[in-house]
Amino acid sequence: MNINSNSKWGWNNVDAIYKKQLDLEYSYNFHMFNSILHILSETFNSLIIRSSMQGVFNYVSPNSFYILGYEWEEMIGKKITYFLHEKDKQRVLEMFNRDSHFLEKEKSLTMRLKKRDGLFVWSELDIHILRDVRQNPKEILFLIKEKPIGDEDNLLENDKMALIGQLAAGIAHEIRNPLTSIKGFIQLMKSEPTKNDQYLEIIDQEIDRISSITNELMIFAKPNHLKFELHDLKVILRSCITLLEGVAYQKQIRITLDSCEEPVWVFCDKQKIKQVIINLIKNALESMEDPGIITITIRKCEGQSVLSITDEGCGIPNELVEKLGQPFFTTKSNGNGLGLMMCYKIMEEHEGRIEVQSELGVGTTFYVFLPLED
C-alpha cells in the first residue's frame, strides 16, 4: 500500500493510531505495575507513590497509613509539596527554579514529611522518572522510607531544637493574652472609687487560664485530649468580649455584637474555641492605632455557624493573606505568628476553617466557620 501525506491513511493517521495503541498498552501495563508496587511496598516497608509530571498523586501504596497516618485515598490528587516541611518545600522550589529539568532527573533527597498528627518525620525520597517506549517522561515515581538517624547525624537534634523554640514562643504568646486582660482590669479598678466584684472575678478567671496554659506543658508526658461538649457559641463569644473590654476601653475602641436570636449550638472544646476567638479579637484591637469600632456578627448558614470579626485597622496586603497561619509569619512588628497558627490548627481539629478578607487602609474581617450541631 502506498502511503503518502495526501492519502486518507497518511502518516499522521498512522502515528495517531500508534499513539492510541501505546496508551492502551500503557494503561494495561500500569494496572499490573500498581500490583507490583503494592507488593514491593509491603516487602521493603517503603511508601511508593506515582504522580503526574506536574506532581499530582495518582497512585499511593496502601501502607501509607502505617508510615504517615493517611489513608491512601486521602493522598490521591495531592502533591508532594503538600506533605513537605515549609523549609524543605522552599528548598525544592528553589531547586526547581534553578533547574527547569529538575523533575526529569533521578534524585535522592532527605526531607521532612508531615504525618497526619502534624508531626514531621525525616525521610529519604528517591525520585525516579517513568518513561514511555519513546523515552518521553510520563510519570514520577517516589520511593519513600523513614531515615535512620545515626550518632553522626544531627537532623533529629535540630528538629527538636526548632520544636522547643516554637513551643516556648507559643506559650509566651498565650500567657501574654490573659496578662494583658488582667492589667487592663486592674487599671479600670484604679479609676473607680469602689471595688468591682465582676472585675475581680474576671481577673481570677484569667489567672486560672494562665495556670491552664502552663499545664499544657504536660503534653510531653501525655496527650492533651480535646474535651468536646455541646455549647452555645453565642455564650462563648460574649465571655470572650467581656474579657477584652478592658483592653478595648484603654484604646477607645468599641466592640459591637450583632447576633441571631436563637442559640448557636456547636460541638466543641470550649477552651480551645475561646482561645481562637480571643486571639482574633486581640489581633483586631492591635491592628487599630486610632479609636474606632470592631464589629462582631454571628449567623447560621447552610449547616454552619459563621462568626465574623471586622476591624478598622491598617489592613493586610492581598499577597500576604494566604501566608496567615504559617508559623513565624506575622504582620506585627512584635509578633511571632504562632497565635494564628494555633487558631488554624484548632479549627482543623474541629472540622472548621478560617477565612480572611482584607483591604489596605480599610480593615480586615476574619470569618470562623464551625459545623452546627443539629
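Modeller: A word on terms: a residue is buried under 20% relative accessible area, exposed over 50% and partly exposed in between, with a 1.4 Å probe and protein chains only. What you see is a predicted model, where local features need pLDDT of at least 70 and side-chain atom pairs count only at pLDDT 80 or more, while totals for chains, interfaces and linings use all residues. Residues are numbered from 1 along each chain as its sequence is written, and side-chain values use heavy atoms, leaving out hydrogens and water.

Colleague: Thanks! Is Glu351 buried or exposed?

Modeller: Glu351 sits in the loop between helix H10 (338–349) and strand S11 (353–359); helices (H or I, at least four residues) and strands (E, at least two) are DSSP runs, numbered from the N terminus. Its phi is positive, near 55 degrees, in a residue other than glycine. With a relative accessible area of 69%, Glu351 is exposed.

Colleague: What is the mean pLDDT of the chain?

Modeller: pLDDT is the predictor's confidence in each residue, from 0 to 100. It stays under 50 over residues 1–15, a stretch with 9 contacts (heavy atoms within 4.5 Å) beyond four places in sequence. Residues 217–223 are also below 50, with 4 contacts beyond near neighbours in sequence. In the chain, 71% of residues reach 70 or more, and the mean is 76.

Colleague: How many strands are there in the chain?

Modeller: The chain has 374 residues, of which 40% count as buried. Besides its 10 helices, the number of strands is 12.

Colleague: Where is the kink in H7 centred?

Modeller: H7 covers residues 233–250, and its end C-alpha atoms are 27 Å apart; that agrees with the 26 Å expected for its 18 residues, since the expected span is 1.5 Å times one less than the number of residues. The bend at a residue is the angle between axes fitted to the seven residues ending there and the seven starting there. By that angle, H7 has a kink of about 45 degrees, centred on Leu244.

Colleague: Which residue caps the N-terminal end of H7?

Modeller: The cap rests on a polar contact: N or O atoms within 3.5 Å, where within protein one must be able to donate a hydrogen and the other to accept it, and residues adjacent in sequence count only if both atoms are side-chain atoms. Here the backbone nitrogen of Lys234 lies 3.0 Å from a side-chain oxygen of Asp232.

Colleague: What positive phi does Gln252 take just after H7?

Modeller: Gln252 lies in the loop between H7 and strand S7 (253–259). At 59% relative accessibility, it counts as exposed. Although Gln252 is not a glycine, its phi is positive, at about 55 degrees.

Colleague: Is Ser123 buried or exposed?

Modeller: Ser123 belongs to strand S4 (residues 120–131), and a polar atom of its side chain lies 3.3 Å from the backbone oxygen of Val121. Beyond neighbours within four places in sequence, Ser123 is in contact with residues including Leu109, Met111 and Ile144. At 3% relative accessibility, Ser123 counts as buried.

Colleague: What separates the C-alpha atoms of Glu206 and Leu179?

Modeller: Glu206 lies in helix H6 (residues 197–215) and counts as buried, at 2% relative accessibility. Leaving aside neighbours within four places in sequence, Glu206 is in contact with Pro178, Ser181, Ile182 and Leu243; Leu243 is one of the buried residues of H7. Glu206 and Leu179 are 27 residues apart along the chain, yet their C-alpha atoms are separated by 7.5 Å.
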